[in-house]
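Okay, thanks for coming, everyone. I'll take a few minutes to walk through one model, so have the viewer open if you can.

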Amino acid sequence: MADLITVEDPDDPRLRDYTGLTDVELRRRREPEEGLFIAEGEKVIRRAKDAGFEMRSMLLSAKWVDVMRDVIDELPAPVYAVSPELAERVTGYHVHRGALASMQRKPLPTAAELLAGEGAGEGAGHRIAVFEGFVDHANLGAAFRSAAALGISAILLSPDCADPLYRRAIKVSMGSVFSVPYARLDDWPADLEKVREAGYRILAMTPSAKATPLDQIPPERFERCAIMLGSEGHGLSTHALRAADEWVRIPMAEGIDSLNVAAASAVAFYATRPA
């Protein structure tokens, strides 16, 4: 059973994992270096726990202690009970859901392991996704949520993609970042050749008029495909487009050139699903 500890000092060193959560640059550096991430809200905390992540500690406002009692009773990690005002002073924002947990990261699989199926289930499924330059945590989280809902087996990230385990990405994904295996491609875009060597056809999502509309592609062309989407502002880079096997696009109404990348990912994942 976890120790329930009432804390009244915002400078208590035991709360260090939760300090400055709104300082994005600080947390981007610190969390991976220290091997931790922050889960926010009851559902996300439970999903992180169920996904096998080890809990370092929890930070709860008083009314959430009873709600999380079953989790508390199962854990050896300390639980810090604080007032909402103290939580805000520590974290830098009003913790609306009243519950935070500091979780221990797991080692990421390599891209080779993921492509071989060791991280994405037997045979790595028939569809994976590749994200280039997703720097917005909300869009990244939303794309992970769509991937989980629509049967994407794994996600590969370019080196400049945001951290899927950053608090905002986890929150928007509703914990889907815990259920879709992912890895980073270190040499971009050269490592896309590894995707092709693993038997995936790389489909580049682009609004270009040269691209084939998704609804005109025979379903068999989606068998064992890698759906590649680019950054929020500029889409896929020229290098990534050149590395693709085929360009595909979502048919748009006249005068509209593209969707938000998170919305586009949902459409693409839905359109390419097996019959």
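I'll go from the whole chain to the core, and then to a handful of single residues.

First, a reminder that this is a predicted model. The chain carries eleven helices and twelve strands. Is the radius of gyration what you'd want for a compact globule of 275 residues? What we can say is that such a globule would come out near 19 Å, and this chain has 20 Å, so the two agree. If you prefer box dimensions, the C-alpha trace spans about 60 × 40 × 35 Å along its principal axes.On burial, 50% of the 275 residues count as buried. The exposed surface adds up to about 12900 Å², and carbon and sulfur atoms supply 50% of that. For contacts, take the pairs at least 6 apart in sequence: 76% of those contacts join residues at least 24 apart. For the electrostatics people, there are 32 positive and 41 negative side chains, and the centres of those two sets lie 3 Å apart.

Now the inside. Which residues touch the most other members of the largest nonpolar core? That core has 51 residues, and the answer is Phe37, Met58, Leu60, Phe131, Ile155, Phe178 and Leu229. Apart from it lies another core, this one of 22 residues, with Leu115, Ala154, Leu192 and Ala226 among them.

Let me zoom in on Ile155. Leaving out anything up to four places away in sequence, Ile155 touches Leu114, Ala129, Phe131, Phe144, Ala147, Val180, Pro181, Tyr182 and Ala183.

Move along the chain to Ser158, which sits in the loop between β7 (155-157) and α8 (167-173). Buried or exposed, this Ser158? Its relative accessible area is 0%, so it counts as buried. Setting aside residues up to four places away, its contacts are Phe131, Glu132, Gly133, Arg184, Leu185 and Trp188.

Asp186 goes with that spot. In space, the C-alpha atoms of Asp186 and Ser158 are 7.0 Å apart, with their positions 28 residues apart in sequence. Asp186 is found in the loop between β8 and α9. Unlike the buried Ser158, Asp186 counts as exposed, at 68% relative accessibility. Beyond its neighbours within four places, Asp186 is in contact with Pro159 and Asp191.

In that loop, between β8 (182-184) and α9 (192-197), you also find Pro189. Take a look at its backbone: the peptide bond joining Trp188 and Pro189 is cis, with omega at about 0°. Trp188 came up a moment ago as one of the contacts of Ser158.

Next up is another serine, Ser173, in helix α8. Ser173 is buried, at 0% relative accessible area. Not counting residues up to four places away, Ser173 touches Gly141, Phe144 and Arg145. Phe144 should sound familiar, as it was among the contacts of Ile155. Ser173 also lies 8.1 Å from Ala138, C-alpha to C-alpha, and the two are 35 residues apart in sequence.

While you're there, check the backbone torsions. Met174, in the loop between α8 and β8, has a positive phi of about 55° although it is not a glycine. At 22% relative accessibility, Met174 counts as partly exposed, since buried means under 20%. Arg224 is a second case: its phi is positive too, at about 50°, and it is not a glycine either. You'll find Arg224 in the loop between β10 (212-213) and β11 (225-229), and it is partly exposed, with a relative accessible area of 27%.

Two more and I'm done. Where does Val79 sit? It is in strand β4, residues 79-82, and at 0% relative accessibility it counts as buried. Val79 and Ile5 are 74 residues apart in sequence, yet their C-alpha atoms are 6.0 Å apart in space.

The other one is Thr110, in the loop between β5 (99-104) and α6 (111-115). Thr110 counts as partly exposed, at 40% relative accessibility. From Thr110 to Asp257 the C-alpha separation is 35 Å, and the two are 147 residues apart along the chain.

That's the tour, so let's go to questions.

Technical notes: Residues are numbered from 1 along each chain as its sequence is written. This is a predicted model: local features need pLDDT of at least 70, side-chain atom pairs count only at pLDDT 80 or more; totals for chains, interfaces and linings use all residues. Side-chain values use heavy atoms; hydrogens and water are left out. Helices (H or I, at least four residues) and strands (E, at least two) are DSSP runs, numbered from the N terminus. The radius of gyration is taken over C-alpha atoms; the globule rule is 2.2 Å times the number of residues to the power 0.38. Buried means under 20% relative accessible area, exposed over 50%, partly exposed in between (1.4 Å probe, protein chains only). Contact means heavy atoms within 4.5 Å. Accessible areas come from the Shrake-Rupley method with a 1.4 Å probe; for residues, only the protein chains shown count as cover. Lys and Arg count as positive and Asp and Glu as negative; His and the chain ends are not counted. The place of a charge is taken as NZ of Lys, CZ of Arg, CG of Asp or CD of Glu. A nonpolar core is a set of buried Ala, Val, Leu, Ile, Met, Phe, Trp, Tyr and Cys residues joined through side-chain atoms within 4.5 Å.
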